[in-house]
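Visitor: Hey, got a minute to walk me through this one? I'd like to poke around a bit.

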Amino acid sequence: MTVIQEKQKYAGTSTAMQEERLRELVQYVAANSPFYRELFAKHNIDAAGINTLDDLYKVPTTEKDDIQKRNNDFLCVPPGKVVEYTSTSGTLGGPVTIALTENDLVRLAHNEYNSFLCADGSEDDIYQLMLTLDRQFMAGIAYYSGIRKIGAGIIRLGPGVPALQWETIKRLKPTAIVAVPSFILKLINFAKENNIDINASSVKKAICIGENIRNTDFSLNMLGKKITEAWDIHLYSTYASTEMQTAFTECSEGAGGHCQPDLVIVEVLDENDKQVEPGTPGEVTITTLGVEGMPLLRYKTGDICMYFDEPCACGRTTLRLSPLMGRKKQMIKFKGTTLYPPALFDLLAEREEIMDFVVEVYSNDIGLDQVSLYLVPADNSEECDHRIRAYLQARLRVSPHIKYVTPEQIHKMQFNEASRKAIKFIDRR
Ligand SMILES: [Zn+2]
């Protein structure tokens with residue numbers, strides 16, 4: 001299928017088609033999922049009464065906590081039909097198992113096929129996968145099978161080892177890489193240190209996973225800027241989670257991840273489970289379509305995004321999601337404003353007066369969130385201090401508590417216990 005055909009197909013995904021799939025889903029979970037059967041009984045929900053997208057509001061939302069506590073009760077097929085057990089990374093709370101059937105793997109491949117087409121992929125591309133394909137990581141097999149379906153070439157190199165990545169780029173000449181953005185920065189630094197001319201390489205684009213490369217207004221954030229200033233490649237962001245088994249991937253316009261309406265119904269909800277207006281932060285809540293093993297109805301992902309519903313300049317008319325603004329659990333309500341750690345990180349990373357930082361949040365005596373910033377200043381002058389305070393006041397409109405520390409002290413805070421990644425956020429609430 002050409003990209004034009006794919007665009008038309010997206011435009012043609014009607015509400016009627018989504019509703020037909022929704023009806024199938026509701027009947028299916030009512031018959032096969034112990035969790036949803038019980039939920040429907042408890043709330044007097046008649047599966048035959050859920051027919052339209054508006055009817056969906058009759059169904060209470062489901063949360064990660066529900067899956068964590070009753071993981072097996074979400075399984076709709078006998079164990080014999082499961083062919084793949086994947087798992088969430090468990091960054092917040094314990095891991096969750098998502099079991100997939102053969103049909104689910106076919107659906108997953110279709111999902112990533114659409115995603116890579118959306119990100120301008122074709123059979124002429126060669127993708128170097130700089131990520132794990134094991135450890136129960138769903139995205140790894142999703143990318144692999146989606147790229148196979150496109151007919152492009154695949155180099156499964158795995159994460160890390162910049163020297164090997166560059167050696168392979170030189171030898172096999174991939175046109176694209178799939179990687180975590182901060183690792184792309186490592187690749188660039190390695191190239192600089194080893195006199196590799198990165199802009200002479202075969203790589204022309206990168207599918208960025210796991211971290212934001214854009215601010216919520218779609219401009220490149222610090223990480224995105226650092227990559228593209230050094231390396232002339234096009235960045236495509238993608239957002240997904242194991243539970244939803246569906247990706248939201250950017251097109252060349254870089255104006256949010258496109259929804260795949262044939263695979264998922266997405267809602268962006270406020271605190272009272274009501275849909276927010278476009279351009280307003282809310283919790284991404286999904287209903288999977290066509291999933292056989294562990295389908296989900298109105299599952300609240302814990303991820304905060306905005307959505308946009310006007311047509312995209314690429315021609316697609318599907319809903320788009322903003323970059324991930326933060327996790328709901330990490331939301332900070334500070335002196336009348338709502339803040340998410342990633343926005344704060346971007347803000348702090350942008351200033352050359354701030355060499356490094358740790359954000360600490362705690363509750364004060366009356367239960368309100370307080371923010372302390374531990375900063376390593378570029379120098380200890382009064383002028384530097386003034387510039388930092390004026391900048392934070394202007395950007396945050398509130399003044400957090402600032403404590404200046406040395407590089408040694410910040411290193412101790414960032415690498416306590418057995419953490420491999422630098423800790424930038426300490427939540428003491
Ligand atoms: Zn687009």
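Visitor: Let's start with His-258: buried or exposed?

Guide: His-258 is buried, because its relative accessible area is just 2%, and the cut-off for buried is under 20%. Keep in mind that this is a predicted model.

Visitor: Okay, and which protein donors does the zinc ion have?

Guide: His-258 is one of them, through NE2. The others are the SG atoms of Cys-251, Cys-312 and Cys-314. These donors lie 2.1 to 2.3 Å from the zinc ion.

Visitor: What arrangement do the four donor atoms make?

Guide: Tetrahedral, because the angles they subtend around the zinc ion run from 103 to 113 degrees. For reference, the ideal angle for four tetrahedral donors is 109.5 degrees.

Visitor: How are the donor residues spaced in sequence?

Guide: The pattern is C-x6-H-x53-C-x1-C. His-258 sits in strand S10 (residues 257-258), while Cys-314 is in the loop between strand S14 (307-308) and strand S15 (320-321). Those two are 56 residues apart, so the pair links distant parts of the chain.

Visitor: And Cys-314, buried or exposed?

Guide: Buried, at 10% relative accessibility.

Visitor: While we're on cysteines, how many disulfides does the structure hold?

Guide: Zero.

Visitor: So what about Cys-305, where's the closest cysteine sulfur?

Guide: In Cys-259, 12 Å from the sulfur of Cys-305, which is too far for a bond; a disulfide needs the two sulfur atoms within 2.5 Å. Cys-305 is also buried, with a relative accessible area of 0%. Cys-76 is another buried cysteine, at 8%.

Visitor: Switching topic. What order do the strands take in the open sheet with S19 in it?

Guide: There are four strands, ordered S21-S20-S19-S22, with mixed pairing. S21 (401-404) and S22 (425-427) are at the edges with a single partner strand each, so one side of each has no neighbour in the sheet. On average, neighbouring strands are turned by 20 degrees against each other, ignoring direction.

Visitor: In which sense do S19 and S22 pair, parallel or antiparallel?

Guide: Parallel, over three bridges, with S19 covering residues 354-363. Across that pairing, Val-361 stands opposite Asp-427 in S22.

Visitor: Which helices lie across those strands?

Guide: Helix H11 (residues 382-396) lies across S19, S20 (369-377) and S21, at about 150 degrees to S21. Helix H12 (residues 407-414) lies across S19, S20 and S22, running at about 50 degrees to S19.

Visitor: Where's Gln-414 in all that?

Guide: In helix H12, and it counts as buried at 4% relative accessibility. Its C-alpha atom is separated by 38 Å from that of Gln-260, which is 154 residues away along the chain.

Visitor: Last thing, the backbone. What's the phi of Gln-136?

Guide: About 60 degrees, so a positive value in a residue that isn't a glycine. Most residues other than glycine have a negative phi. Gln-136 is in the loop between strand S4 (126-129) and helix H6 (138-150), and counts as partly exposed at 39% relative accessibility.

Visitor: And what's the phi of Asp-273?

Guide: Near 60 degrees, positive again although Asp-273 isn't a glycine either. Asp-273 is in the loop between strand S11 (264-269) and strand S12 (282-288). With a relative accessible area of 22%, Asp-273 is partly exposed.

How values were computed: Residues numbered from 1 in each chain as written. Predicted model: local features only at pLDDT ≥ 70, side-chain atom pairs only at ≥ 80, totals over all residues. Heavy atoms only, no water. Pairing = 2+ DSSP bridges. Axes fitted to C-alpha atoms, helices over the stretch in contact; angles between N-to-C directions. Contact = heavy atoms within 4.5 Å. Donors = N, O, S within 2.8 Å, 3.2 Å for Na, K, Ca; no water. Tetrahedral: all angles 85-135°; square planar, octahedral: opposite > 155°, others 65-115°. Buried < 20%, exposed > 50% of the residue type's maximum accessible area, 1.4 Å probe, protein only.
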